[in-house]
Amino acid sequence: MAGCRRVHARPRRTRVDWAAEVDQLLSIDYPDATKIILVMDNLNTHTLGSLCEAFEPAKARALAQRLEIPHTQHGSWLNIAEIELSALTRQCLAGASTTSTS
């Protein structure tokens, strides 16, 4: 809804990696937001418990309180990747001509 995207692919998908991305989202990207609705895949590392593993309890709790994570029944990483690519395509090709010469 902010009209921008930030995509970061890490070499691994650990609990600490996920927690670091959440910290970036809440502390750097949207520091003034009181609540972020985070729609994501159902990877087993993507849990609020990962915040506790990565940060001291007070910081983990503060980050978790600003997140709302709706359950996605079929939220695989492939679905998220397809959605992201579709959004990027629409943004990058907005106004571009789709005609071709034969």
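## Starting from valine 22

Leaving aside its neighbours within four places in sequence, which residues is valine 22 in contact with? The answer is Leu38, Leu51 and Leu67. Keep in mind that this is a predicted model, so treat what follows as a tour of computed coordinates.

Valine 22 also turns up in the largest nonpolar core, which has 13 residues. Along with Trp18, Leu26, Leu38, Leu51, Phe55 and Leu67, Val22 is in the group that touches the most other members. H1 and H3 each supply at least two residues of this core, and H1 gives the largest share, with five.

## The overall layout

Let's zoom out for a moment. The chain has four helices and two strands, and reading along the sequence gives the pattern α-β-α-α-β-α. There are 102 residues in the chain, and 24% of them count as buried.

Now for contacts between residues at least 6 apart in sequence: 74% of these join residues at least 24 apart. As for the surface, the chain exposes about 7,600 Å², with carbon and sulfur atoms supplying 57% of that area.

## Helix H1 and its cover

Helix H1 runs over residues 15-29, which makes 15 residues. From first C-alpha to last it reaches 20 Å, close to the 21 Å expected at 1.5 Å a residue.

Which residues of H1 are buried? They are Asp17, Trp18, Ala19, Glu21, Val22, Asp23, Leu25 and Leu26. The cover over the buried residues of H1 includes strand S1 (36-37) and H2, as well as helix H3 (57-65) and strand S2 (67-68).

## Tryptophan 18 meets serine 50

Tryptophan 18 lies in helix H1, and it counts as buried because its relative accessibility is 8%, below the 20% cut-off. Its contact list, without the neighbours within four places in sequence, reads Leu38, Met40, Thr45, His46, Thr47, Leu48, Ser50 and Leu51.

Serine 50 is a good one to follow from that list. Its place is in helix H2, residues 48-54. Is serine 50 buried or exposed? Serine 50 counts as buried because its relative accessibility is 0%. Beyond its neighbours within four places in sequence, serine 50 is in contact with Arg15, Trp18, Ala19 and Thr45. How far apart in space are tryptophan 18 and serine 50, C-alpha to C-alpha? The two are 7.3 Å apart, with their positions 32 residues apart in sequence numbering.

## Aspartate 23 and the charge over a ring

Back in helix H1, there's aspartate 23. This residue is buried because its relative accessible area is 15%, which falls under the 20% limit. Not counting residues up to four places away in sequence, aspartate 23 touches Ile28, Phe55, Lys59 and Leu63.

Two of those partners, Phe55 and Lys59, have an arrangement of their own. The charged end of lysine 59 sits over the ring of phenylalanine 55, at 4.6 Å from the ring's centre. If you're looking for aromatic pairs, the structure holds zero.

## Aspartate 41 in a loop

One more acidic residue to look at: aspartate 41 has its place in the loop between S1 and H2. Aspartate 41 is buried because its relative accessible area is 12%, again under 20%.

What about its distance from threonine 72? Aspartate 41 and threonine 72 are 31 residues apart in sequence, and their C-alpha atoms are 7.2 Å apart in space.

How values were computed
Residues numbered from 1 in each chain as written. Predicted model: local features only at pLDDT ≥ 70, side-chain atom pairs only at ≥ 80, totals over all residues. Heavy atoms only, no water. Buried < 20%, exposed > 50% of the residue type's maximum accessible area, 1.4 Å probe, protein only. Contact = heavy atoms within 4.5 Å. Expected span 1.5 Å × (residues − 1). Areas by Shrake-Rupley, 256 points an atom, 1.4 Å probe, with all protein chains shown as cover. Core = buried A, V, L, I, M, F, W, Y, C linked by side-chain atoms within 4.5 Å. Phe/Tyr/Trp six-rings, centres within 6.5 Å; stacked < 30°, edge-to-face > 60°. Lys NZ or Arg CZ within 6 Å of the ring centre and 35° of its normal.
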